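Hi everyone, thanks for making time this morning. I'd like to walk you through one model, going from the whole chain down to single residues.

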Amino acid sequence: MTGLPAGLGAFAAQALLGEDMAQLGAGIGIVVGGVASFLVGQRLNAPVQGYHPQTGQPVLYKNRHTLFFIPMQYCGVLLLVLGAVVGFTSLPNLL
């Protein structure tokens, strides 16, 4: 989910702003992918109210979409941090 925005960001920044801006574009793309991953993770891991088929009692169904036991929305936060690091490491090249 993050590779496509990062690649597109790097390509667009390099094509529009020059060779030095490709890393900054990749950082912005990773941040966009992180936000998307967080929002999708929030939606997929939200508990759903349902009813037990035999007893009719209300039950709370919980989904667990994870990557190596890390919930998907927290992976989005890690991608935000990674994108910020990639973007900020490109700034000395611009000055």
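The accessible surface of this chain comes to about 6600 Å², and carbon and sulfur atoms account for 70% of that surface. Please keep in mind as we go that this is a predicted model.

Let's stay with the whole chain for a moment. It has 95 residues, and buried ones make up 31% of them. There are four helices and four strands, and if you read along the sequence the order is α-α-β-β-β-β-α-α. For those of you who like contact statistics: take the contacts between residues at least 6 apart in sequence, and 54% of them join residues at least 24 apart.

Now to the helices, starting with H2. This one runs over residues 22-44. H2 has 23 residues and reaches 32 Å from its first C-alpha to its last, close to the 33 Å expected at 1.5 Å a residue. Which residues of H2 are buried? The list is Ala22, Leu24, Gly25, Ala26, Gly27, Gly29, Ile30, Gly33, Gly34, Ser37 and Gly41.

Let me pick two glycines from that list. Gly29 lies in H2 and has a relative accessible area of 5%, so it counts as buried. How far is Gly29 from Gly9, C-alpha to C-alpha? The two are 20 residues apart in sequence, and in space the distance is 4.9 Å.

The second is Gly41, also in helix H2. Its relative accessibility is 0%, so Gly41 is buried as well. Setting aside neighbours within four places in sequence, Gly41 is in contact with Met72 and Gln73. There is also a C-alpha distance to Cys75, which is 34 residues away from Gly41 in sequence and 8.6 Å away in space.

Just ahead of H2 we have Met21, in the loop between helix H1, residues 3-17, and H2. Is Met21 buried or exposed? With a relative accessible area of 18%, Met21 falls under the 20% cut-off, so Met21 is buried. Met21 and Gly87 are 66 residues apart in sequence, yet their C-alpha atoms are 9.5 Å apart in space.

That brings us to H3, which covers residues 72-89. H3 has 18 residues and reaches 26 Å from its first C-alpha to its last, close to the 26 Å expected at 1.5 Å a residue. The buried residues in H3 are Met72, Gln73, Cys75, Gly76, Leu79, Gly83, Val86 and Gly87. They cover an arc of only 140° around the axis, so they sit on the same side of H3. Several names come back here: Met72 and Gln73 are the two contacts of Gly41 I mentioned, and Gly87 is the partner in the Met21 distance.

What about the face of H3 turned away from its buried side? That face carries the exposed residues Leu78 and Phe88. Leu78 also turns up in a nonpolar surface patch of about 530 Å², made by Ile70, Tyr74, Val77, Leu78, Val81 and Val85. Which element gives the most to the patch? Helix H3 does, with five residues.

Before I stop, a quick look at the strands. Pro58 is found in strand E2, residues 58-61. Its relative accessible area is 53%, which means Pro58 is exposed. Not counting residues up to four places away in sequence, Pro58 touches Gln49, Gly50 and Tyr51.

Then there is Phe69, in the loop between strand E3, residues 66-67, and strand E4, residues 70-71. Phe69 is exposed, with a relative accessible area of 79%. For anyone who checks backbone torsions, Phe69 has a positive phi of about 70°, although it is not a glycine.

To recap with the model on screen: the buried residues of H3 lie on the same side of the helix, and H3 is also the element that gives the most to the nonpolar patch. In H2, the buried list includes Gly29 and Gly41. Thanks for listening, and I'm happy to go back to any part of the model.

Methods: Residues are numbered from 1 along each chain as its sequence is written. This is a predicted model: local features need pLDDT of at least 70, side-chain atom pairs count only at pLDDT 80 or more; totals for chains, interfaces and linings use all residues. Side-chain values use heavy atoms; hydrogens and water are left out. Patches are made of residues with over 30% relative accessible area and no salt bridge: like charges are joined within 9 Å, nonpolar side chains (Val, Leu, Ile, Met, Phe, Trp, Tyr) within 5 Å. Accessible areas come from the Shrake-Rupley method with a 1.4 Å probe; for residues, only the protein chains shown count as cover. A salt bridge is a side-chain nitrogen of Lys or Arg within 4 Å of a carboxyl oxygen of Asp or Glu. Helices (H or I, at least four residues) and strands (E, at least two) are DSSP runs, numbered from the N terminus. Buried means under 20% relative accessible area, exposed over 50%, partly exposed in between (1.4 Å probe, protein chains only). Contact means heavy atoms within 4.5 Å. The expected span of a helix is 1.5 Å times one less than its number of residues. The arc is that of the directions from the helix axis to the C-beta atoms.
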